[in-house]
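Work through these exercises with the structure open beside you. Try each task before you read its solution.

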Amino acid sequence: MMRAFLRGMTAACLVFAGTLSAGAAEKTDISITRQPGILYLVSHVMETQKLIEKRAEADGLAGVKVDWRTFSGGGAQTDALLAGNVDIVNTGTGNLLLLWDRTRGRVKGIVTNSAQPVIMVSRDPRIKSLKDIQPGDRIAVPTVGVSTQAILLQMAAAQMYGDDQVHKFDTNTVQLGHPDAMAALANQNHEVKSHFSAPPFQYLELKQPGVHEVVNSRDIIGGDLTQGTFFTTTQFAEANPTVIKAVRQATADAIEVIKKDPKTAVEAYKTVSGDKTSVDDLLAILNQPHMMEFRMDPQGTMKFAAHLHKVGTLKTMPKAWTDYYLPEAADLNGN
């Protein structure tokens, strides 16, 4: 993983090295990534209703086309951003903080879009809490080490066993995208019996015989935690202010659609993702506690930053959440 990261950083240097010509035309072919799951419902509404394109055109930038790309984990998304292969990514807080730190502030958030709880589930009857995890147990996470789920496990280990045991569960984690992890959980012969999941997968998994909740993000962090956030390079943001503004405005538009008409939003998710779960079942998932926390203001991100700095993952401790978000987000009530 370290070699891959260094290759990404080399590519990033090439991306960041270019200088911007004054008055350069803004880009109109935009690529944005996301991961599978209803956590990214805002992006599905944005895609099907072409909200970014509409907002950009209203601000005088016509002809914008958005190419939405789905990646299985945040690590692959950030690699693509650093290599200059995509313009904007939509993934978790840990990845944003890591890139902000490693690029010395040249990657920053645009706006958040979801703060739903993520749940660790297990089909192993022995594992009722994290205290029951033994060295041979396997826990699926979307990206080992830096995903939201992996960092939450580190935070839980430090709370339970002390800061010197922060990496206690690292060797238990294996990297699987959420759909693959759900399939592994359904296979009684698969070595992966636990999955630190995400919506809708966690609720679908909980319907499987013998699958139960072990812990959730709210237990560990003590409240809401931003799950999905749009972020990009400062170079792209400076060269494309209309696009950045359109992303923020379109995020607000999509959240309004979700709040007012969740059925239309869920249908957008099904159209884009191909998820075979019924509309009624997906609406029931949105009715689960805290599942309508689609919001633009960062939540719990400084707690993440403090943890990552304490364990040495972040070399620089931000003074405030606005350090790793663009100035366009500074009016939001984040933390």
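**Exercise 1. Overall build**

How many helices and how many strands does the chain have?

*Solution.* Keep in mind that this is a predicted model. Step 1: count the elements. The chain has 14 helices and 10 strands. Step 2: compare the radius of gyration with the globule rule. The chain gives 19 Å, close to the 20 Å that the rule gives for 335 residues, so the chain is as compact as a globular protein of that length. Step 3: look at the box. Along the principal axes, the C-alpha atoms fill roughly 60 × 45 × 35 Å.

**Exercise 2. Inside and outside**

Find what percentage of the residues count as buried, then describe the exposed surface.

*Solution.* Step 1: apply the cut-off. Buried means under 20% relative accessible area. Of the 335 residues, 56% count as buried. Step 2: turn to the surface. The chain exposes about 13900 Å², and carbon and sulfur atoms supply 51% of that area. Step 3: check the charges. The mean positions of the 34 positive and 35 negative charges are 3 Å apart.

**Exercise 3. The nonpolar core**

Which residues of the largest nonpolar core touch the most other members?

*Solution.* Step 1: recall a general tendency. In soluble globular proteins, nonpolar side chains tend to be buried together. Step 2: pick out the residues. The largest core has 90 residues, and M46, I52, M120, L130, F196 and F230 touch the most other members. Step 3: find the main contributor. Helix α11 (residues 241–260) gives the largest share of this core, 9 residues. Step 4: look for another core. A second, separate one has 5 residues, including V174, A181, A184 and V192.

**Exercise 4. A helix and what follows**

Is helix α4 mostly covered or mostly uncovered?

*Solution.* Step 1: count. In α4 (residues 74–82), 7 of the 9 residues are buried, so the helix is mostly covered. Step 2: name some. Among the buried residues are G74, Q77 and L81. Step 3: move past the helix. G84 follows α4 and has a positive phi, near 80 degrees.

**Exercise 5. Unusual backbone spots**

Where are K50 and R104 found, and what is the phi of each?

*Solution.* Step 1: take K50. K50 is found in the loop between α2 and α3. Its phi is positive, about 50 degrees, although K50 is not a glycine. K50 is partly exposed, at 49% relative accessible area. Step 2: take R104. R104 is found in the loop between α5 and β4. R104 is not a glycine either, yet has a positive phi of about 55 degrees. At 78% relative accessible area, R104 is exposed. Step 3: add a peptide bond. The bond from P199 to P200 is cis, with omega near 0 degrees. P200 is found in the loop between β8 and α8.

Definitions and conventions
Residues are numbered from 1 along each chain as its sequence is written. This is a predicted model: local features need pLDDT of at least 70, side-chain atom pairs count only at pLDDT 80 or more; totals for chains, interfaces and linings use all residues. Side-chain values use heavy atoms; hydrogens and water are left out. Helices (H or I, at least four residues) and strands (E, at least two) are DSSP runs, numbered from the N terminus. The radius of gyration is taken over C-alpha atoms; the globule rule is 2.2 Å times the number of residues to the power 0.38. Buried means under 20% relative accessible area, exposed over 50%, partly exposed in between (1.4 Å probe, protein chains only). Accessible areas come from the Shrake-Rupley method with a 1.4 Å probe; for residues, only the protein chains shown count as cover. Lys and Arg count as positive and Asp and Glu as negative; His and the chain ends are not counted. The place of a charge is taken as NZ of Lys, CZ of Arg, CG of Asp or CD of Glu. A nonpolar core is a set of buried Ala, Val, Leu, Ile, Met, Phe, Trp, Tyr and Cys residues joined through side-chain atoms within 4.5 Å.
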